Amino acid sequence: MDFYGFYTGQIFDAYQYLGAHRAGEGFVFRTFAPSASHIAVIGEFSQWQEIPMHKVHDGNFWEGYAAGARPGMMYKYRIYQRDGGAVDHCDPYGFGMELRPNSASILRDLSYDFRDGSWMGRRSDCHQRPLNIFEVHFGSFQKPSDAADSWYNYEEMAGRLISYAKDQGYNYLELMPLAEYPCDESWGYQTTGFFSPTSRYGTANQLKAFVDACHREDIGVIMDFVPVHFAVDGYALARYDGTPLYEYPSSAVGESEWGSLNFMHSRGEVRSFLQSAANYWLEEYHMDGLRMDAVSRAIYWQGEPARGVNGNGVDFLRNMNKGLKERHPTAILAAEDSTTFPNVTKPVWEGGLGFDYKWDLGWMHDTLDYFRSAPEYRSRDYHKLTFAMSYFYNHRHLLPLSHDEVVHGKATILQQMNGQYEDKFPQARAFYMYMYAHPGKKLNFMGNEMGHFREWDEKREQDWGLLCYPAHQDFQRFMKALNQLYLAHPAFWEGDYRPDGFQWLDCHQEGLCVYAIQRSGGGENIAAVFNFSGQGREYMLKIPGAGRLELLLGSEPGAQDQIQADQGEFALRLPAFSGVYYQVK
């Protein structure tokens with residue numbers, strides 16, 4: 001390993017030196033713990049008796065060897081602090097861990113023969129391709145039983161999830177964090193094993209087999225990655241060598257709003273750790289991208305613009321993204337960021353942060369607020385649906401309807417539609433047609449596609465029984481048709497980030513609550529017209545130069561072929577709560 005690069009935060013492969021690696025008839029163990037007085041490795045291979053480790057390089061690294069250690073065996077580091085106390089820690093660079101509440105690391109052999117060369121050779125960052133993401137929590141998509149601790153493993157899920165996502169018209173999966181975590185309720189966002197696939201669902205090679213299977217079915221895989229904070233558990237990173245090695249020494253900036261500990265991004269060793277973890281998932285597991293969680297907390301102190309920019313955090317993001325893109329130019333890097341910090345999706349060499357996409361949380365909040373309101377108030381709120389285009393081209397935006405929008409009392413997407421049960425379905429269909437006509441890549445959380453009517457719970461599988469009810473079955477069929485239409489027509493995505501790919505045909509019908517959009521790309525033009533009022537409308541659509549319109553999809557019965565009144569003018573009948581797509585000829 002390049003030790004100077006490690007200390008200066010330039011390393012992306014520290015996991016190849018640190019951690020536990022096969023050597024001869026056993027394993028060699030290495031860890032970085034500059035303030036420890038001495039360290040021993042303990043494990044099944046030694047009947048949990050101490051094997052002393054010795055200092056190497058400059059004295060900040062420790063190394064030990066265990067003959068007879070084999071993949072699948074458990075181990076820990078017993079770290080003696082300078083006050084005489086000792087704490088047993090999991091390996092920060094370990095490739096496997098026990099199921100909570102146990103905390104030992106597990107020896108893994110990472111060798112795996114991927115068969116996804118065709119996919120990897122044509123993989124894209126999707127800037128000019130369709131990107132329709134199905135976000136999934138691995139443990140609650142489907143479960144073998146009702147028990148909270150009942151999960152399918154990675155390979156078993158491959159046969160269940162991949163075919164479903166593909167059939168429903170999604171071309172990428174986004175998996176909520178899979179790096180090991182102790183608390184189910186954190187959903188993986190408070191990590192203890194940054195290099196360890198969670199043992200809830202199996203082993204490292206089983207996860208590789210899942211990704212491999214996805215690629216052979218032309219499904220990409222993005223994983224949530226948490227580069228800002230980590231779990232407080234004493235067996236993991238917290239005060240690893242008896243001092244705040246990964247975290248800030250001061251609680252004022254060291255503790256997050258979620259009760260976790262913030263990484264100290266000014267330390268080169270921390271940067272090298274996180275960059276290596278990010279690269280590890282892309283390199284070793286063939287992940288097709290990373291969605292970076294809580295990026296605003298790295299950009300601003302505690303995520304609050306009023307506290308000022310955290311220059312070290314910004315430098316870390318730039319350096320990490322630059323290095324990842326150099327190594328994996330077709331991988332997708334997406335930022336969850338709700339701030340107005342500039343140039344998030346500009347390349348680093350142009351002064352940006354180097355992300356491919358930024359979640360458009362403003363679009364999400366404004367649009368859901370609009371559909372929560374009663375139809376009689378939508379004239380007042382009309383421009384909540386037009387505002388996003390006033391800033392859209394500042395970044396390369398992705399439109400998310402994620403897990404965060406269907407928990408903690410927010411209700412599901414279908415429930416958030418205004419009105420009684422039967423009124424929610426037509427509004428949800430029109431809502432989704434508006435989303436898919438709007439520029440920006442798409443993300444939809446599992447359950448939304450069938451009109452889930454219960455808030456998401458990580459301990460329970462999706463309510464598949466809903467599909468016995470015609471309203472939910474029909475909604476799922478509609479979403480499938482919408483997804484497939486999106487993938488098939490380049491007008492919806494080729495010009496996402498070019499001004500000539502989008503045009504308001506009409507955004508000044510405040511009294512009618514009618515909107516009209518034209519999307520262009522791939523040599524085709526599509527007109528999308530929406531009526532979000534509770535009443536049917538007669539509406540004259542004007543498209544200069546258009547000869548005729550060909551119906552592609554209507555959300556409600558009665559979306560009919562138009563009556564041409566004059567060249568470029570079309571008389572439409574729009575049912576209440578409806579959307580309609582026309583191919584412009």
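**View 1. L175 pairs with M223 of β14.** In this predicted model, local features need pLDDT of at least 70, side-chain atom pairs count only at pLDDT 80 or more, and totals for chains, interfaces and linings use all residues. Residues are numbered from 1 along each chain as its sequence is written, and side-chain values use heavy atoms, with hydrogens and water left out. Strands here are DSSP runs (E, at least two residues) and helices are too (H or I, at least four), numbered from the N terminus. L175 and M223 are bridge partners, and E174 sits opposite I222. Strand β11 (residues 172-175) and strand β14 (residues 220-225) run parallel, joined by four bridges. Two strands count as paired if DSSP finds at least two bridges between them.

**View 2. Eight strands close into a barrel.** Going round, the order is β10-β11-β14-β17-β18-β19-β20-β21, with parallel pairing. From one strand to the next, the twist averages 25°. Helix α8 (residues 311-327) packs on the sheet and touches β14, β17 (289-292) and β18 (332-335). The direction of α8 makes about 170° with that of β17; axes are lines fitted to C-alpha atoms, for helices over the stretch in contact, and angles run from 0 to 180 degrees between N-to-C directions. Contact, here and below, means heavy atoms within 4.5 Å. Helix α9 (residues 361-372) lies across β19 (357-359) and β20, at about 45° to β20.

**View 3. β14 is covered on both faces.** Six of the six residues in β14 are buried, that is, under 20% relative accessible area (over 50% would be exposed, in between partly exposed; 1.4 Å probe, protein chains only). On one side are G220, I222 and D224, and on the other V221, M223 and F225. β14 also runs parallel to β17, with four bridges joining the two. One of the residues involved is D224, whose bridge partner in β17 is R291.

**View 4. Helices α3 and α4 pack together.** Helix α3 (residues 154-167) meets helix α4 (residues 204-216) at an angle of about 20°, with the axes 8 Å apart. That makes α3 roughly parallel to α4, a label for angles under 35 degrees (over 145 is roughly antiparallel, 65 to 115 roughly perpendicular, the rest oblique). The crossing is right-handed, meaning the near helix is turned clockwise from the far one by less than a right angle. From α3 come Y154, E155, M157, A158, L161 and I162, and from α4 come Q206, L207, A209, F210, A213 and C214. Ten of these contact residues are nonpolar, one is polar and one is charged. Here Ala, Val, Leu, Ile, Met, Phe, Trp, Tyr, Cys and Pro count as nonpolar, Asp, Glu, Lys and Arg as charged, and the others, Gly among them, as polar.

**View 5. E405 is a buried loop residue.** E405 lies in the loop between β20 (397-401) and α10 (413-416). Its relative accessibility is 6%, so E405 counts as buried. Beyond residues up to four places away in sequence, E405 touches M364, L368, K410, A411, I413 and Q416.

**View 6. E524 is a buried strand residue.** E524 belongs to strand β24 (residues 524-531). Because its relative accessibility is 13%, E524 counts as buried. Leaving aside neighbours within four places in sequence, E524 contacts H489, P490, A491, R519 and Q583. E524 and P490 are 34 residues apart in sequence, yet 7.5 Å apart in space, C-alpha to C-alpha.
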